[in-house]
Amino acid sequence: MMIEPTAVLLKNTEIAIKDWHLGPENVLLPNDEYWAKAAEMWGVKPDEARRKLCANCEYYNNTSEMLKEMEAVPMNQYDLNNSNGQRGYCHKLHIICHTTRSCQAWEKKDYEIPEEEVKEESPKDFASIMYG
């Protein structure tokens, strides 16, 4: 997969900010007004809205393959400098988003463990392995 050129990503990000309530702009601040509006849009309390982050959105992609592709996109004014937020790609809005942001397009990510990764060991077996 090839992501969009930088200019397109920037234009899409501007649209996401304007039309999809992408934010908050500075994730290091409390942003009570941003989260109150997000909560109202989703019909939830602000505390629940604060848990709906790009990091746990259905459309967020931070696979190693996608991270490698995004290395070609220079950092820009929408990147989260001086924070713990990490880049990821949004397949819904076609933007580079960040773990600590959110937007109106947020949808719950279904977490599934691939069948080949499911272990046959019970928690008791795991404890005996860990603690003897």
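These exercises walk through one predicted model, with a worked solution after each task.

**Exercise 1. The overall plan**

Task: Find how many helices and strands the chain has, and the pattern they follow along the sequence.

Solution.
- Step 1. Count the elements. The chain has 5 helices and 3 strands.
- Step 2. Read them along the sequence. The pattern is α-α-α-β-α-β-β-α.
- Step 3. Check the burial. Of the 132 residues, 35% count as buried.
- Step 4. Look at the contacts between residues at least 6 apart in sequence. Of these, 63% join residues at least 24 apart.
- Step 5. Turn to the surface. The accessible surface comes to about 9300 Å², and 53% of it belongs to carbon and sulfur atoms.

**Exercise 2. The sheet**

Task: Work out the order of the strands in the sheet, and say which strands stand at the edges.

Solution.
- Step 1. Put the strands in order. The 3 strands form an open sheet in the order 1-2-3, with antiparallel pairing.
- Step 2. Find the edges. Strand 1 (60-61) and strand 3 (95-98) each have a single partner strand, so one side of each lacks a neighbour in the sheet.
- Step 3. Look at one pairing. Strand 2 (residues 87-90) and strand 3 pair in the antiparallel sense over 4 bridges.
- Step 4. Match residues across it. Gly88 has Cys97 in strand 3 as its bridge partner. Arg87 stands opposite His98 in strand 3.
- Step 5. Add the helix. Helix 1 (residues 6-19) packs on the sheet and touches strand 2 and strand 3. Its direction makes about 60° with that of strand 3.

**Exercise 3. Two ways out of a strand**

Task: Decide which residues of strand 3 point one way and which point the other way.

Solution.
- Step 1. Recall the rule. In a regular strand the side chains alternate between the two faces of the sheet.
- Step 2. Apply it to strand 3. Ile95 and Cys97 point one way, while Ile96 and His98 point the other way.
- Step 3. Check burial. All four residues are buried.

**Exercise 4. The nonpolar cores**

Task: Identify the residues with the most contacts inside the largest nonpolar core, and find which helix gives the most to this core.

Solution.
- Step 1. Recall the trend. In soluble globular proteins, nonpolar side chains tend to be buried together.
- Step 2. Take the largest core. It has 19 residues, and those with the most contacts inside it are Ala38, Ala49, Cys90, Leu93, Ile95 and Cys97.
- Step 3. Ask where the residues come from. Helix 2 and strand 3 each supply at least two. Helix 2 gives the most, with 5 residues.
- Step 4. Zoom in on Cys90. Leaving aside neighbours within four places in sequence, Cys90 is in contact with Tyr59, Ile95 and Cys97.
- Step 5. Look for another core. A second, separate core of 7 residues includes Met70, Val73, Tyr89 and Ile96.

**Exercise 5. Aromatic pairs**

Task: Find how many aromatic pairs the whole structure holds, then describe each.

Solution.
- Step 1. Count. The search finds 2 aromatic pairs.
- Step 2. Take Tyr34 and Trp35. They are edge-to-face, at 4.8 Å centre to centre and 90° between the planes.
- Step 3. Test burial against the cut-off of under 20%. Tyr34 is buried at 11%, and Trp35 is buried at 5%.
- Step 4. Take Trp42 and Trp106. They are also edge-to-face, at 6.3 Å centre to centre and 65° between the planes.
- Step 5. Place the second pair. Trp42 lies in helix 2 (residues 32-42) and Trp106 in the loop between strand 3 and helix 5 (123-131), so the pair ties together parts 64 residues apart in sequence.
- Step 6. Test burial again. Trp42 is buried at 19%, and Trp106 is buried at 14%.

**Exercise 6. A loop tyrosine**

Task: Locate Tyr78 and decide whether this residue is buried or exposed.

Solution.
- Step 1. Locate it. Tyr78 is in the loop between helix 4 (64-70) and strand 2.
- Step 2. Check the accessibility. Tyr78 has 18%, so this residue counts as buried.
- Step 3. List contacts, leaving aside neighbours within four places in sequence. Tyr78 touches Leu10, Thr13, Glu14, Ile17, His98 and Arg101.
- Step 4. Compare sequence and space. Tyr78 and Leu10 are 68 residues apart in sequence and 8.3 Å apart in space, C-alpha to C-alpha.

**Exercise 7. Backbone details**

Task: Find which peptide bond is cis, and give the phi of Asn31 and of His94.

Solution.
- Step 1. Check omega. The bond from Gly23 to Pro24 is cis, with omega near -5°. Pro24 is in the loop between helix 1 and helix 2.
- Step 2. Check Asn31. Its phi is near 55°, a positive value in a residue other than glycine. Asn31 lies in the loop between helix 1 and helix 2, and is buried at 18%.
- Step 3. Check His94. This residue is not a glycine either, yet its phi is about 55°. His94 lies in the loop between strand 2 and strand 3, and is partly exposed at 33%.

Note on methods
Residues numbered from 1 in each chain as written. Predicted model: local features only at pLDDT ≥ 70, side-chain atom pairs only at ≥ 80, totals over all residues. Heavy atoms only, no water. Pairing = 2+ DSSP bridges. Contact = heavy atoms within 4.5 Å. Axes fitted to C-alpha atoms, helices over the stretch in contact; angles between N-to-C directions. Phe/Tyr/Trp six-rings, centres within 6.5 Å; stacked < 30°, edge-to-face > 60°. Buried < 20%, exposed > 50% of the residue type's maximum accessible area, 1.4 Å probe, protein only. Core = buried A, V, L, I, M, F, W, Y, C linked by side-chain atoms within 4.5 Å. Areas by Shrake-Rupley, 256 points an atom, 1.4 Å probe, with all protein chains shown as cover.
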